[in-house]
Amino acid sequence: MTGIQIDVTDSVASLVLNRPAALNALSLDMIDSLTSILTQWADDDAVREVEISGVGRAFCAGADVRELRTLVLDQSGDPVDFLAREYRLDRLIASYPKPYRAIIHGIAMGGGLGVSIHAAHRVVSTDTVMAMPETIIGLWPDVGMCYHLSRMPGEVGTYMGLTGLSITGADAVACHLADELVGSHTPGSDTATQWMAPMFAGDDIVAIMDRLENSRLPQAREAARVLRLRSPLSVVVTLQALRRAATLSVDEVFDQDLRLGAFFCRRPDFIEGVRAQLIDKDFSPQWSHARIEDVAADEVQAAFEG
């Protein structure tokens with residue numbers, strides 16, 4: 001099976017993502033295969049538990065956004081259907097009837113977190129680099145992750161969702177995004193997060209930017225600098241998505257993701273963001289809004305109306 005190795009030994013079923021040249025990015029074929037396999041195993045008495053891992057230096061760098069971009073540009077398929085099929089897999093994992101264990105090593109981002117963070121048990125290592133970098137490519141943190149990000153302590157989830165910057169495996173355990181850390185960890189080597197709570201509080205992105213840019217803390221000013229590079233539309237919508245997700249169930253967050261997916265796939269920032277970051281790699285996207293302050297409230301509201 002392309003991109004996936006499967007095995008069942010002593011009632012333990014294993015899924016190994018095996019597309020190392022692409023950092024185990026999930027193609028649509030891989031997504032559909034994983035859904036089919038997990039559906040079969042759910043009713044298979046020979047399978048007691050499931051474990052997912054990846055080969056190479058990444059667990060999974062996310063869904064294949066190049067493939068998604070092609071669907072939008074060529075009109076060769078429905079990009080929202082791509083997302084719906086991906087979320088179907090993630091929903092299955094979130095409610096899986098058997099123990100589902102994710103071994104998350106190395107790079108774990110975007111859709112890679114969709115197939116791991118919803119697991120019953122999540123194991124990270126000292127080399128884990130975890131991020132939801134969607135605002136870099138004109139999207140928002142999807143795959144149900146706003147549910148988890150909105151519940152992380154100290155606004156660490158808001159920091160992750162808005163900036164797209166990474167945290168370590170130790171951070172993930174400390175912030176309840178993972179359950180177990182393996183490997184030798186040096187105390188104090190993980191990201192200091194205490195400063196984030198007062199900086200990222202509230203639902204007013206302009207106020208957040210003002211606090212960050214005028215802070216005496218260099219890490220706060222650096223976060224502001226990073227945010228100025230992201231898609232302004234993505235940043236503003238993401239903040240609202242996180243605040244709404246705080247009172248939603250996992251299923252309701254996935255429903256919200258489908259509405260946001262339909263919105264963002266019709267906007268130019270996604271096409272431009274993937275071009276700048278992954279296609280031409282000039283890292284100079286021309287966003288549809290010049291500044292975060294230029295994003296209108298009615299445009300943000302439209303994103304949640306589907």
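Is Tyr100 buried or exposed? At 2% relative accessibility, Tyr100 counts as buried. Here are a few notes to go with the model, which is a predicted one.

1. **Aromatic pairs, starting with Tyr87.** Searching the whole structure turns up seven aromatic pairs. One of them joins Tyr87 and Phe254 in a tilted arrangement, with 6.0 Å centre to centre and 40 degrees between the planes. Because Tyr87 belongs to helix α3 (residues 79-94) and Phe254 to helix α12 (residues 250-264), this pair ties together parts that are 167 residues apart in sequence. Both partners are worth a look in the viewer: Tyr87 is buried, with a relative accessible area of 1%, and Phe254 is buried too, with 0%.

2. **Back to Tyr100.** Its partner is Tyr96, and the two rings meet edge-to-face, 6.1 Å centre to centre and with 65 degrees between the planes. The angle explains the label, because planes over 60 degrees apart count as edge-to-face. Tyr96 has a relative accessible area of 10%, so Tyr96 is buried as well, the limit being under 20%.

3. **An aromatic cluster.** You may also like to pick out Trp140, Phe263 and Phe264, which form one aromatic cluster.

4. **Charges over rings.** Two arginines deserve a mention here. Arg151 lies over the face of Tyr147, 3.8 Å from the ring centre. In the other case, the charged end of Arg244 sits over the ring of Phe304, at 3.9 Å from its centre.

5. **The nonpolar core.** Which residues touch the most other members of the largest nonpolar core? They are Leu38, Phe200 and Leu212, in a core of 93 residues. As general background, nonpolar side chains in soluble globular proteins tend to be buried together. Leaving aside residues up to four places away in sequence, the contacts of Phe200 include Leu162, Trp195, Ile208, Leu212, Ala223 and Leu227. Phe200 also touches Glu155, Arg211 and Arg243, among others, so a plot of its surroundings should keep those residues in, contact being heavy atoms within 4.5 Å.

6. **The sheet.** Four strands make up an open sheet, ordered β4-β6-β8-β9, and the pairing is mixed. Its edge strands are β4 (58-60) and β9 (167-168), each of which pairs on one side only. Strand β8 (residues 129-131) runs antiparallel to β9, and the two pair over two bridges. Across from Ile167 in β9 stands Met130.

Note on methods: Residues numbered from 1 in each chain as written. Predicted model: local features only at pLDDT ≥ 70, side-chain atom pairs only at ≥ 80, totals over all residues. Heavy atoms only, no water. Phe/Tyr/Trp six-rings, centres within 6.5 Å; stacked < 30°, edge-to-face > 60°. Buried < 20%, exposed > 50% of the residue type's maximum accessible area, 1.4 Å probe, protein only. Lys NZ or Arg CZ within 6 Å of the ring centre and 35° of its normal. Core = buried A, V, L, I, M, F, W, Y, C linked by side-chain atoms within 4.5 Å. Pairing = 2+ DSSP bridges.
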